[in-house]
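Work through the exercises below with the sequence and the model at hand. Each task is followed by its solution in steps.

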Amino acid sequence: MRVMKIAVAHSKDNGIVPLDMAELISIVDTEEKKISQYQNPGFERVPGGKEITMAAILKLAPDAVVVKEGMMCPGSYRMSVGRIKYAHFEEESLDDILPKLDKVEEFLSDDIPPNVYREYE
């Protein structure tokens, strides 16, 4: 397995939430099983919180970012597509995702379904 650094945007109670509602950005190192946490500069920023969060994630240079339905917006998607892989999960918390990161390559793709970044009125 390739060593990977995976970004996860989440709340303080480890819930996987939309990028602009994530208080923390964690970088999970799959080899060292180490998690580094960073404050999210895009937390509760309106407008632009999701884009600010994605810019912070890209600056940390992970190999992939964990995504699920409703997490991103068209802007954060356009910023990231082609620059990072996506690990698409349905799980609701970081604790549920961590055991699966040993096999993260099974969840990786270069693109994501529109429901991850579609914004509903």
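The model is predicted.

**Exercise 1. Backbone outliers**

Task: Decide whether E44 is buried or exposed, and describe the backbone at E44, at N14 and at the bond from V46 to P47.

Solution.
Step 1. The relative accessibility of E44 is 51%. The cut-off for exposed is over 50%, so E44 counts as exposed.
Step 2. Place E44 in the chain: the residue sits in the loop between β3 and α1. Its phi is near 55°, a positive value in a residue other than glycine.
Step 3. Turn to N14, in the loop that links β1 (5-10) and β2 (24-29). Here too phi is positive, about 70°, and N14 is not a glycine.
Step 4. Check the accessibility of N14. The relative accessible area is 17%, and buried means under 20%, so N14 is buried.
Step 5. Inspect the peptide bond from V46 to P47: it is cis, with omega near -10°. P47 belongs to the loop between β3 (34-39) and α1 (49-59).
Step 6. Set these cases against the usual backbone. Most residues other than glycine have a negative phi, and most peptide bonds are trans.

**Exercise 2. Strand β4 and its partners**

Task: State which way the side chains of β4 point, and find which residues stand opposite V65 in β1 and in β5.

Solution.
Step 1. Sort the side chains of β4 (residues 64-67): A64 and V66 point one way, V65 and V67 the other. All four are buried.
Step 2. Compare with the general rule. In a regular strand the side chains alternate between the two faces of the sheet.
Step 3. Take the pairing with β1. Two bridges connect β1 and β4, in the parallel sense, and A7 stands opposite V65.
Step 4. Take the pairing with β5 (residues 85-88). Four bridges join this strand to β4, again parallel, and Y86 is the residue opposite V65.
Step 5. Trace the connection from β4 to β5. The chain passes through helix α2 (residues 74-80), and this β-α-β crossover is right-handed.

**Exercise 3. A serine in α2**

Task: Work out whether S76 is buried or exposed, and which residues S76 touches beyond four places away in sequence.

Solution.
Step 1. Locate S76: the residue lies in helix α2.
Step 2. Read its relative accessible area, which is 0%. Buried means under 20%, so S76 is buried.
Step 3. Follow the side chain of S76, which reaches the backbone nitrogen of C73 at 2.9 Å.
Step 4. List the contacts, leaving out residues up to four places away in sequence: L19, K50, E51 and M54.

**Exercise 4. The whole chain**

Task: Give the order of helices and strands along the sequence, and explain why the chain counts as compact as a globular protein of its length.

Solution.
Step 1. Count the elements: three helices and six strands. Along the sequence they follow the pattern β-β-β-α-β-α-β-α-β.
Step 2. Compare the radius of gyration, 13 Å, with the 14 Å that the globule rule gives for 121 residues. The two values are close, so the chain is as compact as a globular protein of that length.
Step 3. Add the outline: along the principal axes, the C-alpha atoms fill a box of roughly 40 × 25 × 25 Å.
Step 4. Look at burial and contacts. Of the 121 residues, 48% count as buried. Among contacts between residues at least 6 apart in sequence, 51% join residues at least 24 apart.
Step 5. Finish with the surface: the accessible area is about 6,400 Å², and 50% of it belongs to carbon and sulfur atoms.

Notes: Residues numbered from 1 in each chain as written. Predicted model: local features only at pLDDT ≥ 70, side-chain atom pairs only at ≥ 80, totals over all residues. Heavy atoms only, no water. Buried < 20%, exposed > 50% of the residue type's maximum accessible area, 1.4 Å probe, protein only. Pairing = 2+ DSSP bridges. Right-handed = clockwise from strand over helix to strand, strands pointing away. Polar contact = N/O pair within 3.5 Å; in protein donor to acceptor, adjacent residues only side chain to side chain. Contact = heavy atoms within 4.5 Å. Rg over C-alpha atoms; globule rule 2.2 N^0.38 Å. Areas by Shrake-Rupley, 256 points an atom, 1.4 Å probe, with all protein chains shown as cover.
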